[in-house]
Amino acid sequence: MELFLDTASLTEIRTMWDIGILDGVTTNPSLVAKEGRKFEEIIREICALGVPSVSAEVVATDTDGMLAEGRRLRQIHPSVYVKCPMTPAGLKATKILAREGTRVNMTLVFSANQALLAAKVGAAYVSPFIGRLDDQGQEGMDLVREIVTIYRNYKFPTKILVASIRHPVHVLEAAELGADIATMPFAVMEKLPNHPLTDLGLARFLKDWEKVPK
Ligand code: E4P
């Protein structure tokens, strides 16, 4: 499974990129707004690090506007995936952009039927927002399970990008279900390598090592 950071912070991205566990980055207008910097500049800098998949979202709500923004965004760098919202206008834009060779990440997906449509119009990624479903009292991971089944039934090549992840158990469950990608905040990714028994074990090894004659 590929691991993506859900952030527009270059500092966070560089940290995980340097460790070598980062496969991609997803951004959205809210994350970009937190940085107080120009959108395209941020996307360009993330791509320049060598990150192979960088999702950049359109903000137009009509198909023509999405097409104009999507075509502009894809010119920034070959690693850019254009994020279009799951609306009728977004589906139409995705179909056109996909035919032109642009890889589209269909975002704000909350139902399996929406995911079915995303695959049918040729989206490269579908992004079910599981944390936001959990927040509503609905089991977000059930949606991932449904999408995995549907995509396997019809051999759709669209990758399932589990989004709106809130904690490491979400990552684990997404992996168990066979999702292609999990995108998560920095605070979640930095927890993945940690285990108290690892720390304890290392401390014990180092203490014992002191007894070895040098
Ligand atoms: C995914 O591409 C979205 O940017 C993201 O996962 C949304 O997560 P949130 O529900 O924590 O805002």
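1. For the classes used here, Ala, Val, Leu, Ile, Met, Phe, Trp, Tyr, Cys and Pro count as nonpolar, Asp, Glu, Lys and Arg as charged, and the others, Gly among them, as polar. On that split, the lining of the largest pocket has six nonpolar, seven polar and five charged residues.

2. Some ground rules: this is a predicted model, where local features need pLDDT of at least 70, side-chain atom pairs count only at pLDDT 80 or more, and totals for chains, interfaces and linings use all residues. Residues are numbered from 1 along each chain as its sequence is written, and side-chain values use heavy atoms, with hydrogens and water left out.

3. The ligand sits in the largest pocket (more than half of its atoms lie within 2 Å of the grid points). Of the 18 lining residues, Asp6, Asn28, Leu31, Arg132 and Ser164 lie nearest the pocket's centre.

4. Who surrounds the ligand? Asp6, Thr26, Asn28, Lys83, Phe129, Arg132, Ala163, Ser164 and Arg166, each with a heavy atom within 4 Å of it. By class, that shell has two nonpolar, three polar and four charged residues.

5. Now the polar contacts (pairs of N or O atoms within 3.5 Å). A polar side-chain atom of Lys83 is 2.6 Å from a ligand oxygen. The side chains of Asn28 and Arg166 each place an N or O atom 2.7 Å from an oxygen atom of the ligand. Taken alone the ligand exposes 350 Å², and the protein buries 86% of that (Shrake-Rupley, 1.4 Å probe).

Definitions and conventions:
Polar contact = N/O pair within 3.5 Å; in protein donor to acceptor, adjacent residues only side chain to side chain. 1 Å grid on protein atoms, 1.4 Å probe; cavity = no way out; pocket = protein on both sides within 12 Å on 5 of 7 lines; lining within 4 Å.
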